[in-house]
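User: I am new to this structure and would like a careful look at a single part of it, namely the place where two of the chains meet. Please take me through that part in one connected answer.

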Protein chains: 4
Amino acid sequence: MSAALTRYAYLGPAGTFTEQALRTLPEVAGAEMLPMVTVPEALRAVRDGIADAALVPLENSVEGAVPPTLDGLAGGERLMIKREVLMPVTFNLYAAPGADIAALKTVASHPHGLAQCQGWLRENVPQAELVSSPSTADAAEGVVRGDWDAAVCAPVAGQRHHLAELAVDVADNAAAVTRFILVTRPAPPPARTGADVTSMVAFIAHDRTGALLEVLTEFAVRGINLTRIESRPTKERIGRYCFFLDCDGHIEDARVGEALMGLRRVCADVRFLGSYPRAGADHEGDGRAEPSDDDFADAAAWLARVRAGNA
Amino acid sequence: MSAALTRYAYLGPAGTFTEQALRTLPEVAGAEMLPMVTVPEALRAVRDGIADAALVPLENSVEGAVPPTLDGLAGGERLMIKREVLMPVTFNLYAAPGADIAALKTVASHPHGLAQCQGWLRENVPQAELVSSPSTADAAEGVVRGDWDAAVCAPVAGQRHHLAELAVDVADNAAAVTRFILVTRPAPPPARTGADVTSMVAFIAHDRTGALLEVLTEFAVRGINLTRIESRPTKERIGRYCFFLDCDGHIEDARVGEALMGLRRVCADVRFLGSYPRAGADHEGDGRAEPSDDDFADAAAWLARVRAGNA
Amino acid sequence: MSAALTRYAYLGPAGTFTEQALRTLPEVAGAEMLPMVTVPEALRAVRDGIADAALVPLENSVEGAVPPTLDGLAGGERLMIKREVLMPVTFNLYAAPGADIAALKTVASHPHGLAQCQGWLRENVPQAELVSSPSTADAAEGVVRGDWDAAVCAPVAGQRHHLAELAVDVADNAAAVTRFILVTRPAPPPARTGADVTSMVAFIAHDRTGALLEVLTEFAVRGINLTRIESRPTKERIGRYCFFLDCDGHIEDARVGEALMGLRRVCADVRFLGSYPRAGADHEGDGRAEPSDDDFADAAAWLARVRAGNA
Amino acid sequence: MSAALTRYAYLGPAGTFTEQALRTLPEVAGAEMLPMVTVPEALRAVRDGIADAALVPLENSVEGAVPPTLDGLAGGERLMIKREVLMPVTFNLYAAPGADIAALKTVASHPHGLAQCQGWLRENVPQAELVSSPSTADAAEGVVRGDWDAAVCAPVAGQRHHLAELAVDVADNAAAVTRFILVTRPAPPPARTGADVTSMVAFIAHDRTGALLEVLTEFAVRGINLTRIESRPTKERIGRYCFFLDCDGHIEDARVGEALMGLRRVCADVRFLGSYPRAGADHEGDGRAEPSDDDFADAAAWLARVRAGNA
């Protein structure tokens with residue numbers, strides 16, 4: 001199946017962190033890479049068959065969720081997460097060769113870049129006006145265009161334009177990480193590895209009091225660990241949310257299958273987003289809660305015996 | 001299968017309420033009936049193959065559970081409840097022909113009979129000493145033997161011995177009902193009727209805080225109504241209990257099967273006691289909680305589609 | 001207050017295990033002891049002011065709950081448990097001096113005594129008919145009266161009647177323990193000791209699905225350990241139960257007070273039965289669950305600050 | 001207290017929706033209004049005492065939460081929400097007088113404006129390039145400056161610059177509403193109105209499995225309706241979230257006070273953000289869940305009686 005994936009869309013332009021993340025995937029070597037201007041366009045490329053998969057950012061440990069990605073997964077034709085990529089974010093400060101940091105009048109970056117580096121910028125270039133640019137890659141280009149004096153961007157972007165590196169690692173929170181997801185059209189999920197994530201969107205039935213509590217109970221009662229809960233407005237009216245949930249385990253696990261069926265019964269709607277290997281996890285048993293899947297198999301065998309009158 | 005059941009043990013002696021209850025079963029007509037002295041002996045007759053089934057009292061709406069029946073089901077070789085019988089309890093006061101109620105010096109009954117009629121007896125035969133007898137049938141026999149003056153017993157017993165009926169319906173709580181169960185060796189349960197009960201014993205894992213809460217949650221999360229919860233000591237040491245649970249539904253229902261599997265996972269042990277028609281229920285939908293079994297079927301079909309990448 | 005308690009009713013007759021248990025209480029030395037024929041009469045003596053307190057059996061580790069005690073606490077004027085007494089049960093076999101165990105034709109005991117020794121009796125006196133007597137003390141008296149050949153009873157009863165001890169410790173389960181309670185009219189509960197029990201009866205609102213689950217959740221959410229759950233029919237109609245609950249802690253504990261208020265809100269009715277020292281517990285911290293009462297005090301102080309706008 | 005509030009910071013520049021929302025507050029008439037460039041700066045103005053209160057956007061029914069507002073409330077010195085303002089969002093298309101919609105080459109707006117109108121823009125000005133501007137007010141100014149041909153912005157901004165209104169209500173989702181909050185330094189909350197919201201941030205203890213479930217249970221067990229659950233990364237590392245919760249009721253309500261204390265016990269930390277009237281609610285009883293606060297008062301009175309031995 002991987003063999004068939006030869007065209008990868010990603011959130012561009014070239015030179016963004018998303019491109020860096022995409023290049024870490026071995027299967028991408030030699031494949032066609034299609035930079036798209038926005039997340040919705042990257043997802044549309046997959047839905048329209050222009051690309052076989054798209055890599056888009058899902059969340060950042062500092063900035064939080066990426067709303068267009070969540071909205072693009074929750075609505076429209078169903079897409080599937082095939083894998084995730086975690087990438088540390090490194091922001092450097094670049095300017096034209098020969099520039100003096102003390103003389104910078106304007107510094108540009110994507111608003112997230114400005115937000116993540118605001119402490120450093122206030123302290124080290126207090127004299128500079130901060131300018132929003134559509135992407136960190138564009139911020140670097142803008143230095144070449146002469147739109148502003150400096151850019152806060154990924155190393156790949158500064159290097160591409162042969163800019164001078166005035167400072168490295170200027171983010172206030174050095175450990176920032178972005179989680180990207182590789183999205184395809186619906187397909188059977190990749191095989192269980194023993195350290196998997198399952199992602200879904202639960203649309204709560206709002207006329208049921210305690211509906212979210214019911215949803216969480218479906219996981220708790222089966223000993224499944226929820227690793228992420230993210231709310232998004234459903235856009236019908238204020239106060240209506242859907243919930244993006246990630247849990248440990250694979251849809252082929254008995255417990256996860258049962259929990260998904262439970263959600264299907266108590267929710268207005270459930271959208272399965274995929275089961276895929278947890279990035280950065282040691283395979284086998286990482287983060288697995290009790291009871292084990294063996295307990296589920298044992299219970300099923302026992303039920304069959306009892307139903308047949310043989311236990 | 002009913003055809004094979006030709007020997008019925010029951011809690012005797014002849015003339016007890018249990019005999020009356022057994023005679024209400026159409027399939028008993030013409031079968032051999034074996035009165036047994038105690039509940040454990042009635043159950044042993046089934047286990048040893050001396051009887052094909054045994055009818056024993058399970059609970060009474062005034063006296064509560066019948067401990068030897070609970071203990072006989074929880075321990076020993078597994079037995080199965082094949083059906084239940086509800087019977088209103090009628091206590092009458094019988095004495096030798098010609099006796100005067102004001103002159104009775106002793107009145108006998110089984111302790112439960114004395115307990116259920118104590119208010120009436122105190123008011124109407126305050127002069128009489130109350131005597132415990134091993135069964136209400138024996139109380140009637142004792143009048144014939146001359147052991148005591150009168151008996152509180154079932155009409156069938158008074159009539160069998162041609163005693164005089166001094167008063168009818170002398171129970172303090174006129175609506176008392178006894179629930180009997182017909183017990184066999186393990187076999188596939190009778191077919192679903194749409195208004196069934198499933199009975200089981202849950203042995204709590206005592207080193208898990210909140211274990212009973214977990215057990216109840218397994219039912220609640222699946223919308224299953226629990227109709228009875230009865231604790232019994234496990235006899236290991238004080239403070240250790242097992243729980244007799246009755247719920248709406250049949251083990252062949254998806255929801256009930258799933259809940260039983262859940263119990264199997266969170267309990268130290270679970271003993272399935274049977275699925276059988278609810279006595280006195282109108283068939284179809286009586287007491288069924290939402291979500292319906294159709295919702296469970298729909299959820300299972302959806303899961304299969306999603307696992308296959310087709311949803 | 002203890003000074004005022006000078007008349008103790010108990011489940012008689014003299015020579016029962018209850019008398020033995022009562023004599024273990026230091027404050028009883030020199031007090032008047034009133035044997036009552038039944039549990040309801042012992043409780044009535046307290047309600048009517050004939051006795052200041054009554055000692056009655058609540059449960060036995062083999063036989064389970066003592067239904068008349070539960071029913072006597074759940075209905076009628078409210079009574080209060082002031083303390084509990086745990087006593088190992090010892091059954092011996094007594095007969096007239098010179099009797100031969102192999103020649104015994106009849107052996108009597110209270111039905112619980114017969115039940116707890118049935119294995120031993122079947123093996124060691126297989127030839128004897130077993131006879132029910134109203135109490136184990138009466139069984140011993142019956143030997144003197146010549147009603148039967150031998151009695152299974154407490155040592156105190158055999159010795160009182162100068163009977164021959166044919167066998168000791170004949171219970172099938174040597175570790176059997178009976179839990180007795182000392183009951184008074186309502187009064188402020190004894191002071192916290194740090195290892196207390198709180199007892200109550202919860203009358204479930206039967207039109208609320210999952211009502212028992214709600215009750216258990218009131219405890220679980222506050223980290224309170226439930227040590228006993230006993231159901232009893234409410235006698236209105238079959239399938240209606242109230243629940244006797246024991247939990248760790250004292251009504252003066254913030255957590256227990258809050259849980260009781262929660263029960264009061266979700267139940268049809270709640271009857272507080274008392275907070276008293278746990279028998280056999282080492283004082284201080286035994287069986288205490290997290291969070292601690294300090295956490296409750298800290299949370300209350302924080303709430304006060306926040307409400308005042310000072311946090 | 002309102003008397004003392006004479007300087008209002010808000011998310012500027014002048015001409016934004018926030019200014020429009022601020023002007024709907026009667027108490028603002030005649031007060032000093034301080035436009036701030038970013039949400040963090042508006043909040044800092046309050047913390048530093050430069051302003052008495054700040055109005056900032058909290059969430060939008062289409063775009064979701066406003067992350068800088070959430071982060072500004074969760075971290076730093078504690079602030080308090082004193083009231084909320086709901087405002088329908090109206091986007092119009094403005095250009096220089098005489099402009100032809102078919103000839104527009106560039107259209108600017110804040111990224112949220114572009115996102116909320118993307119369907120309309122694609123259909124009605126497909127030829128135009130979309131340009132991000134730092135605010136909708138700046139988009140209008142940019143038309144005057146000649147930076148781009150047209151702006152998608154609030155009516156107040158178009159009118160202020162005497163631009164031509166080419167189209168009204170161009171948002172794809174006409175019912176979009178923004179929720180603003182008026183934030184002050186900590187103070188006693190405004191009085192109960194009977195239709196209040198309480199807001200808080202819960203920092204989950206991540207080493208406790210099921211911690212979020214515990215948090216939700218604290219509300220459910222007390223019959224409190226949660227109206228909003230919003231997760232945000234805590235920025236320590238990916239996969240760590242805090243939760244912004246809104247519930248029905250006021251911190252002075254017994255039930256809400258108890259739930260907050262419960263959160264305090266089970267969470268690593270809780271930050272109370274305020275109790276304030278629900279905007280758009282009819283006063284009295286709107287959205288109130290059972291049991292009522294009277295039930296809480298009744299339960300407290302009962303507990304006091306029972307503790308005193310008088311019940």
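Analyst: What follows describes the meeting of chain B with chain A, and then its surroundings.

This is a predicted model, in which local features need pLDDT of at least 70 and side-chain atom pairs count only at pLDDT 80 or more, while totals for chains, interfaces and linings use all residues. Residues are numbered from 1 along each chain as its sequence is written, and chains are lettered from A, with ligands numbered from 1, in the order in which they are written.

On the side of chain B, 28 residues are in contact with 28 residues of chain A, where two residues count as in contact if their C-beta atoms, placed from the backbone, lie within 7 Å. Three helices of chain B, α8 (211-220), α9 (254-266) and α10 (293-307), each supply at least two residues of the side that touches chain A; helices here are DSSP runs of H or I with at least four residues, numbered from the N terminus. Of the elements on this side of chain B, α10(B) gives the most, with eight residues. Sorted by class, the side of chain B that touches chain A has 17 nonpolar, four polar and seven charged residues, with Ala, Val, Leu, Ile, Met, Phe, Trp, Tyr, Cys and Pro counted as nonpolar, Asp, Glu, Lys and Arg as charged, and the others, Gly among them, as polar.

Chain B is superposed on chain A by a rotation of 180° with 0.0 Å of shift along its axis, at an RMSD of 0.1 Å, and that is the relation of a two-fold axis. The same surface serves both copies, since 100% of the contact residues of chain B recur in chain A. Such superpositions are made by least squares on the C-alpha atoms of residues with pLDDT of at least 70 in both copies.

Turning to the other chains, a rotation of 180° with 0.1 Å of shift along its axis superposes chain D on chain A, with an RMSD of 0.0 Å. Here too 100% of the interface residues of chain D are also interface residues in chain A, so the copies meet through the same surface. By contrast, no contact joins chain A and chain C, whose closest C-alpha atoms lie 13 Å apart, and chain B and chain D are likewise joined by no contact, their closest C-alpha atoms lying 13 Å apart.
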